Amino acid sequence: MVKSFIISTLILFSAVIIETSVLSNISFLLVVPDLVLICSIYFSFLNGRMYGEVSGFISGLFLDFITGVPFGLNCIFRTIIGYLYGLFSQTIIVSGIIIPMLSVGIGTLAKQLLLFLISLFFPKIGLNIYGIISYQFLFEFTANIILAPFIFKFLSFFKVQLSIRDTKDMIDNE
């Protein structure tokens, strides 16, 4: 379990670095795709709600430190999303194209709705939140949906190392 936690933390940190350092400097991107959210959703599906909470919190912590948003903002909604997706870890099989696209699309919507709710309750922090009917949201939504099957497939190569469950069952199912 410790090994899978360390590996997933390194993957989340790498995704944060790619998202904040590389993708944010590409001028033609309206909004940066949320690679960290996609990875957190995959880890939640793979290992359950407790692991989803922890991976969501850690990814939010990394993003809060690097991006300079109010501390805890990313932590709160990523923890909630990780928990909710972890509830479905035993019932949804994350393979193919449709399920990753659908789950990340719903996760992107949930992220935007949670950010909107947080901005309603805490108007003084001055969040720059774009609406659901905007080019920025549609671009992020589309980019996340398109990238989801590729990232899920890439992370599935490390499924045995990332899982906290018995690896014998995973080898038999593939």
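Q: How many helices and how many strands does the chain have?
A: This is a predicted model, so everything here is read off computed coordinates. Going from the N terminus, the elements run α-α-α-α-α-α-α-α. The count for the chain is eight helices and zero strands.

Q: What radius of gyration does the chain have, and what would a compact globule have?
A: The C-alpha atoms fill a box of roughly 50 × 30 × 25 Å along the principal axes. For 174 residues, a compact globule would come out near 16 Å, and the chain agrees because its own radius of gyration is 16 Å.

Q: What share of the contacts with a separation of 6 or more comes from residues 24 or more positions apart?
A: Valine 2 and isoleucine 164 give a taste of pairing across the sequence: they are 162 residues apart along the chain, with C-alpha atoms separated by 8.7 Å. Over the chain, residues 24 or more positions apart account for a share of 70%.

Q: Which element gives the largest share of the largest nonpolar core?
A: That core has 34 residues, and Cys39, Ile41, Tyr42, Phe43, Ile81, Phe152 and Leu155 have the most contacts inside it. The elements giving two or more residues are α1 (2-22), α2 (35-47), α3 (49-67), α4 (73-86), α5 (98-121) and α6 (135-156). Ten residues, the largest share, come from α2.

Q: Which residues does tyrosine 42 touch, not counting those up to four places away in sequence?
A: Tyr42 is one of the residues with the most contacts inside the largest nonpolar core, and so are Phe152 and Leu155. Both of those turn up among the partners of tyrosine 42. The full list is Val94, Phe152, Leu155, Ser156, Lys159 and Leu162.

Q: Is phenylalanine 121 buried or exposed?
A: Phenylalanine 121 has its place in helix α5. Its C-alpha atom is separated by 20 Å from that of phenylalanine 57, 64 residues away along the chain. In soluble globular proteins, nonpolar side chains tend to be buried together. Here, though, the relative accessible area of phenylalanine 121 is 65%, and the cut-off for that class is over 50%, so phenylalanine 121 is exposed.

Q: What is the relative accessible area of valine 2?
A: Valine 2 sits in helix α1. This residue counts as exposed because its value is over 50%. The relative accessible area of valine 2 is 60%.

Q: Which residues is isoleucine 66 in contact with, leaving aside its neighbours within four places in sequence?
A: Isoleucine 66 lies in helix α3 and counts as partly exposed, at 37% relative accessibility. Valine 16 is 50 residues away in sequence, but 8.3 Å away in space, C-alpha to C-alpha. Valine 16 is among the contacts of isoleucine 66, which are Phe13, Val16, Ile17 and Thr20.

Q: How much of the area that the chain exposes do carbon and sulfur atoms supply?
A: Buried residues make up 43% of the 174 residues. The chain exposes about 9800 Å², and the part supplied by carbon and sulfur atoms is 72%.

Q: How far apart do the centres of the positive and negative side chains lie?
A: The chain has 9 positive and 9 negative side chains. Taking the centre of each set, the distance between the two is 2 Å.

Note on methods. Residues are numbered from 1 along each chain as its sequence is written. This is a predicted model: local features need pLDDT of at least 70, side-chain atom pairs count only at pLDDT 80 or more; totals for chains, interfaces and linings use all residues. Side-chain values use heavy atoms; hydrogens and water are left out. A nonpolar core is a set of buried Ala, Val, Leu, Ile, Met, Phe, Trp, Tyr and Cys residues joined through side-chain atoms within 4.5 Å. Buried means under 20% relative accessible area, exposed over 50%, partly exposed in between (1.4 Å probe, protein chains only). Helices (H or I, at least four residues) and strands (E, at least two) are DSSP runs, numbered from the N terminus. Contact means heavy atoms within 4.5 Å. The radius of gyration is taken over C-alpha atoms; the globule rule is 2.2 Å times the number of residues to the power 0.38. Accessible areas come from the Shrake-Rupley method with a 1.4 Å probe; for residues, only the protein chains shown count as cover. Lys and Arg count as positive and Asp and Glu as negative; His and the chain ends are not counted. The place of a charge is taken as NZ of Lys, CZ of Arg, CG of Asp or CD of Glu.
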